[in-house]
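Student: I would like to learn how to read a structure like this one. Please take me through a few features in turn.

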Amino acid sequence: DPLVFPADEDGLRSFNEYLMRSPGLPAYLLVDFVEEEFRQESIPHVFGSDRRALVRTRQARLFRDARYTGAIMQGRETEGRRDDSYLFTALIRSELLAPWLSPIMKAKVPLAGIYSVPILSPLILPKLPTSNRDVLLVTLQASGGLRQTFMSNGHLKISRLAMAPRLDPGQHASYLLTEVEKLRRYLF
């Protein structure tokens, strides 16, 4: 079962204690940051080391100072040269991970991977009662943030995390509609 550690001093202390009691078990970090960027890009359809080089070059150009980046191939364009369509992503402020990675290294726990909530979101689509090709998943995070993730044809396109203010119950719907409208402007 996954364990949740709040992003505060108590959470870090609990995380350290857990690592000391569980040496050798691989760690899978699931992060949910405001400072995550997503970019849709096309690259020429090539194979092997040429593709890897193109992806690395594009990541470096898009996210110059980002330490944690990723690229997900999302198919091919249907017209023209039929380039590959990629979603490039990066955790922009890697220093936010340092307090969590340091105890992992200190305890010599193998790090199996760092995953982001938006990147994993398409995995829940088959469990949702919808057959729409376009889905906007809106979730209220335990941290109080409002995560909006737009997916099309089963692929993540954009995700936005806004810090939600504490509201009276009667104000939630109005706030939610305002935030969804902000994301809608990016889509159309």
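Student: Which strands does helix H5 lie across?

Tutor: Helices (H or I, at least four residues) and strands (E, at least two) are DSSP runs, numbered from the N terminus. Here helix H5 (residues 172-187) lies across E6, E7 and E8, and runs at about 140 degrees to E8. Axes are lines fitted to C-alpha atoms, for helices over the stretch in contact, and angles run from 0 to 180 degrees between N-to-C directions. Before going on: this is a predicted model, in which local features need pLDDT of at least 70 and side-chain atom pairs count only at pLDDT 80 or more, while totals for chains, interfaces and linings use all residues. Residues are numbered from 1 along each chain as its sequence is written, and side-chain values use heavy atoms, with hydrogens and water left out.

Student: In what order do the strands of the open sheet come?

Tutor: Two strands pair if DSSP finds at least two bridges between them. The 3 strands of this open sheet come in the order E6-E7-E8, with antiparallel pairing. Strand E6 (134-140) and strand E8 (155-163) are the edge strands, each pairing on one side only. On average, neighbouring strands are turned by 15 degrees against each other, direction ignored. Strand E7 (residues 145-152) and E8 pair over 8 bridges, and Gln 148 stands opposite Arg 160 in E8.

Student: Which side chains of E1 point to the buried face?

Tutor: In a regular strand the side chains alternate between the two faces of the sheet. Buried means under 20% relative accessible area, exposed over 50%, and partly exposed in between (1.4 Å probe, protein chains only). Along E1, Ala 27, Leu 29 and Val 31 point to one face and are buried, whereas Tyr 28 and Leu 30 point to the other and are not. E1 runs parallel to E5, joined by 5 bridges, and Ala 27 stands opposite Leu 111 in E5.

Student: How many aromatic pairs are there?

Tutor: Rings of Phe, Tyr and Trp (its six-membered ring) pair if their centres lie within 6.5 Å; planes under 30 degrees apart count as stacked, over 60 as edge-to-face and the rest as tilted. The count comes to 5 aromatic pairs. Tyr 28 and Tyr 115 form a stacked pair, because their ring centres are 6.3 Å apart and their planes are at 20 degrees. This pair links distant parts of the chain, with Tyr 28 in strand E1 and Tyr 115 in strand E5, 87 residues apart. Tyr 28 is exposed at 55% relative accessible area, while Tyr 115 is partly exposed at 33%. Ring pairs also link Phe 5, Phe 15, Tyr 18 and Trp 100 into a cluster.

Student: Which residues of helix H3 are buried?

Tutor: In H3 (residues 98-106) they are Trp 100, Leu 101, Pro 103 and Ile 104. They lie on the same side of H3 because they cover an arc of only 165 degrees around the axis, taken from the directions from the helix axis to the C-beta atoms. The face turned away from that side carries the exposed residues Met 105 and Lys 106. Contact means heavy atoms within 4.5 Å. The cover over the buried residues of H3 includes helix H1 (9-21), strand E1 (27-31), strand E3 (68-76) and strand E5 (111-116).

Student: Is Asp 83 buried or exposed?

Tutor: Asp 83 is buried, at 10% relative accessibility. Asp 83 sits in the loop between E3 and strand E4 (84-91).
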